[in-house]
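Thank you for making room for this in the meeting. I would like to talk through one structure, beginning with its pockets and ending with its charged side chains, and I will keep to what can be computed from the coordinates.

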Amino acid sequence: MWFTHKVAFVDSCVKNVQPITGYGVSKILDTGNANFQKGDLVWGMTAFEEYSIIAETESLFKIEHTDVPLSYYTGILGMSGITACAGFYEISTPKKGETIFVSAASGAVGQYFPEGIDIYFENVGGKTLDAAILNMRKLGRIAVCGLISQYNLAEPEGVKNLMPLIYKRVTIKGFSSFNYFSHYSKFLDILLAFIREGKMVYIEDIAEGLEKTPAALVGLFSGRNIGKQVMVVSRE
């Protein structure tokens, strides 16, 4: 009876297994969508598999510029680039001479910015956010992109230092890259110019072959990769 139940359980799991999804670059082999043609290169959400049927094409972007590595469209020229540009240009509206802090599990903020912060690009939350708020200058802006320190907590940490938002008239705004897809062509022009002029250096850690995906994903949690982790499922 236990054996029969186990087989049924395993059979159910196998039937419901779905491939991992993520942002990738694909070549269109066939399409019924008038916005794309056979042979087009696109980036967007897809599955970790050699061939996919993509029914929802609203978030697919046609790749027009191939003088840069196609893998860049999984990161700096894709969703990550949209997020960075949206938070920086659209929400933070930087001015020359301002001090900008981008958090990434950083330590005591005041130690590094004794004269204060004009723009804080928030990725961490918790104690880092609390420290940043205390160090904001008047009319400072906080663009909230993520709160990585809070995601797996049973009880999220509260923010204690809210008073400076009032007397320093600080603006804090959350956002998602999805809200700025319509700005993509403008952001792309900015990023491509930086890359072509050598003003921006982008590092990738590339793993070849679908069979190496599990090890590459596990490696992310131990810091094994250097740069953006990219999986190459197949090449043309």
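What follows takes the pockets, then the strands, then the salt bridges.

Please keep in mind throughout that this is a predicted model, in which local features need a pLDDT of at least 70, while side-chain atom pairs count only at pLDDT 80 or more.

Let me begin with the empty space. Rolling a probe the size of a water molecule over the atoms shows where empty space is left. The largest pocket holds about 1700 Å³ of space, and its lining is made up of 46 residues, with Y23, G24, V25, S26 and T46 lying nearest the centre. If you want to locate this lining by secondary structure, look at β1 (21-27), β2 (41-47), α2 (79-92), α7 (213-220) and β9 (228-232), each of which supplies at least two residues. Of these elements, which gives the most to the lining of the largest pocket? That is β1, with 6 residues. As for chemical character, the lining of the largest pocket divides into 25 nonpolar, 14 polar and 7 charged residues.

The second largest pocket has about 250 Å³ of space, and among the 17 residues that line it, G81, A84, C85, L191 and M200 are the closest to its centre. Here the elements that each supply at least two lining residues are α2, β4 (100-102), β5 (117-122) and α6 (184-196), and α2 provides the largest share, 7 residues. You will notice that α2 was also named for the largest pocket, where it supplies at least two residues of the lining. By class, the lining of the second largest pocket comes to 14 nonpolar and 3 polar residues, with no charged residues.

Now to the strands, and in particular to β2, which we have just met in the lining of the largest pocket. Is β2 largely enclosed, or is it left open by the rest of the structure? Since 6 of its 7 residues are buried, β2 is largely enclosed by the rest of the structure. Its pairing can be followed on both partners: β1 and β2 run antiparallel and are joined by 7 bridges, with T21 standing opposite A47 in β2, whereas β2 and strand β3 (residues 61-62), also antiparallel, are joined by 2 bridges. Within that second pairing, W43 has F61 in β3 as its bridge partner.

The last part concerns charge. Side chains of opposite charge can pair when their charged atoms come close. How many salt bridges does the structure hold? There are 9 salt bridges, and I will go through a few of them.

One of them joins the side chains of K62 and D40, at 3.7 Å from N to O. This pair links distant parts of the chain, with K62 in strand β3 and D40 in the loop between β1 and β2, 22 residues apart. K62 is partly exposed, at a relative accessible area of 35%, while D40 counts as buried at 10% relative accessibility.

Another is formed by D118 and R137, whose closest N and O atoms are 2.8 Å apart. Because D118 lies in strand β5 and R137 in strand β6 (residues 136-144), the pair ties together parts that are 19 residues apart in sequence. D118 is buried, with a relative accessible area of 8%, and R137, at 26% relative accessibility, counts as partly exposed. This pair also belongs to a network of salt bridges, in which E115, D118 and R137 are linked. E115 sits in the loop between α3 (109-112) and β5, and it is exposed, with a relative accessible area of 66%. E115 and M136 are 21 residues apart in sequence, yet their C-alpha atoms are 9.1 Å apart in space.

Strand β6 also contains R141, which is buried at a relative accessible area of 10%, and whose side chain reaches the backbone oxygen of L139 at 3.3 Å.

Finally, the side chains of K199 and E197 meet in a salt bridge at 3.2 Å, N to O, and K199 is exposed, with a relative accessible area of 61%.

That is where I will stop, and I am glad to take questions.

How values were computed: Residues are numbered from 1 along each chain as its sequence is written. Side-chain values use heavy atoms; hydrogens and water are left out. On a 1 Å grid over the protein atoms alone, a cavity is a set of points where a 1.4 Å probe fits but cannot get out, and a pocket is an open set with protein on both sides within 12 Å along at least five of seven lines; lining residues have an atom within 4 Å of a point. Grid points are joined across faces, edges and corners, and a volume is the space filled by probe spheres set on the points. Helices (H or I, at least four residues) and strands (E, at least two) are DSSP runs, numbered from the N terminus. Ala, Val, Leu, Ile, Met, Phe, Trp, Tyr, Cys and Pro count as nonpolar, Asp, Glu, Lys and Arg as charged, and the others, Gly among them, as polar. Buried means under 20% relative accessible area, exposed over 50%, partly exposed in between (1.4 Å probe, protein chains only). Two strands pair if DSSP finds at least two bridges between them. A salt bridge is a side-chain nitrogen of Lys or Arg within 4 Å of a carboxyl oxygen of Asp or Glu. A polar contact is a pair of N or O atoms within 3.5 Å; within protein, one must be able to donate a hydrogen and the other to accept it, and residues adjacent in sequence count only if both atoms are side-chain atoms.
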